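Welcome! Please take a moment to look over the sequence and the model before reading on. The report below starts with one residue and then widens the view.

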Amino acid sequence: MTDSPARLSHLDGDGRARMVDVSDKAITKRTATATGRFLSTAEVLSLVRADDLPKADVLATARIAGIQGAKRTSELIPLCHQLALSSVTIDFYLDDTSIDITATATTTGKTGVEMEALTAVAIAGLTLHDMTKAVDPFSVLGEIKLASKTGGKSRGTVRPLTAAVIVASTGGAAGTREDTTGPHIARWLGERGWTVDATTIVADADVAAELARIVATAPAVIITTGGTGMSPTDQTPEATRALLTRELPGVAESIRARGLPHTPKAALSRGLAGTAGDTVIVNLPGSTGGVKDGLAVLDELLDHLVAQVAGGGAHE
């Protein structure tokens, strides 16, 4: 006996296109992050950085266009539901000859926002082409894909006792600075029975895309280190907040409080903690001392927290 083939949800029993009825679905907070890449020339990227193209404010215009595109997705994609979007964020990460686009859409409702996030990336990328075509009419927009989603059916799909570690360090990613925090966190998790999928090191500008990618693999826990301060390049809290369905402010405050007796600088950390679906995410500072303080707090909380998220241990 073979399994019946999967059916496309937008087709009825007679193969006709239909709008899916979501009236019986639960209302939950839903997020989706999509990514894409705009490829052009080094000259174009240099002009974008300098804001010196014939059409000025390239990135600002593309960001607004992407947000507008997300808001009008139901008008562009025939069978999409109209959604009241809570937020749409779009970030650009510039390389020598490319611009990586990351868009995150959020709503509270009965259906997901994957198409809104994908549309935001597509429209932002097309706007980049329009703004730069006077210099390079042959630029390429591609690699548009869903990076992660939370809410709805994604809840409850995490892999038990799996974890991932993300190190946000531009120097570490470039190989000019040795990272010691990532291996320390991985060892700490391993000693407590967690299977660490990977410890990745990314530049601060790439942390949003990497965090979204890791969330999509559904580990039970993600611990990040670095990028929590006030430097213009520190973006870990922003990348994390875009994915969270519920915040845990008490955990973040406990980590800051643990470090204060050692250094007043602990108060400057903007690290967050919370859940993306059923995945627990905790931001730790980038310093060795900050990581040790954070892990000391998690040592007393993590197992119980993960059990609660999974639906058990609520009154232990």
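Leaving aside its neighbours within four places in sequence, which residues is Thr240 in contact with? The contacts are with Leu211, Leu272, Ile281 and Asn283, once those sequence neighbours are set aside. Please keep in mind that this is a predicted model.

**Around Thr240**

You can find Thr240 in helix H8, which covers residues 236–241. Is Thr240 buried or exposed? Its relative accessible area is 0%, and buried means under 20%, so Thr240 counts as buried.

**The cavity**

Two of the contacts of Thr240, Leu272 and Asn283, will turn up again here. The structure holds 1 cavity of 30 Å³ or more, and the largest cavity encloses about 40 Å³ of space. Its lining is made up of Ala252, Ile255, Arg256, Ser269, Gly271, Leu272, Ala273, Val282 and Asn283. Helix H9 (249–259) and strand S10 (279–284) are the elements that each give two or more residues to this lining. With 3 residues, H9 provides the largest share of the lining. Sorted by class, the lining has 5 nonpolar, 3 polar and 1 charged residues.

**The four-stranded sheet**

Now turn to another part of the model, an open sheet of 4 strands. Going across the sheet, the order is S2-S3-S1-S4, and the pairing is antiparallel. At the edges are S2 and strand S4 (140–150), each of which pairs on one side only. On average, neighbouring strands of this sheet are turned by 15° against each other, direction ignored. In general, the strands of a sheet pair through backbone hydrogen bonds, either parallel or antiparallel.

How much of strand S3 is buried? S3 spans residues 98–109, and 11 of its 12 residues are buried, so the strand is mostly covered. The table shows the two strands that pair with S3.

| Strand | Residues | Pairing with S3 | Bridges |
|---|---|---|---|
| S1 | 28–39 | antiparallel | 12 bridges |
| S2 | 85–94 | antiparallel | 9 bridges |

Some individual bridges can be followed in the model. Ile99 in S3 is the bridge partner of Phe38, and Leu94 also stands opposite Ile99. Next along S3, Asp100 is the bridge partner of Tyr93. S2 and S3 also form a hairpin, with 3 residues between the two strands.

What lies across S1, S2, S3 and S4? Helix H4, made of residues 114–132, lies across these strands and runs at about 30° to S1.

**The whole protein**

Finally, step back to see the full chain. There are 10 helices and 10 strands in the protein. Of its 316 residues, 46% are buried; Thr240 is one of the buried residues. How do contacts in the protein span the sequence? Taking contacts between residues at least 6 apart in sequence, 77% join residues at least 24 apart.

To retrace the tour, begin at Thr240 in helix H8, and go on to its contacts Leu272 and Asn283. Both Leu272 and Asn283 are also among the residues that line the largest cavity. From there, move to the sheet with the order S2-S3-S1-S4 and to helix H4, which lies across its strands.

Key:
Residues numbered from 1 in each chain as written. Predicted model: local features only at pLDDT ≥ 70, side-chain atom pairs only at ≥ 80, totals over all residues. Heavy atoms only, no water. 1 Å grid on protein atoms, 1.4 Å probe; cavity = no way out; pocket = protein on both sides within 12 Å on 5 of 7 lines; lining within 4 Å. Points joined across faces, edges and corners; volume = space filled by probe spheres on them. Nonpolar A, V, L, I, M, F, W, Y, C, P; charged D, E, K, R; others polar. Buried < 20%, exposed > 50% of the residue type's maximum accessible area, 1.4 Å probe, protein only. Pairing = 2+ DSSP bridges. Axes fitted to C-alpha atoms, helices over the stretch in contact; angles between N-to-C directions. Contact = heavy atoms within 4.5 Å.
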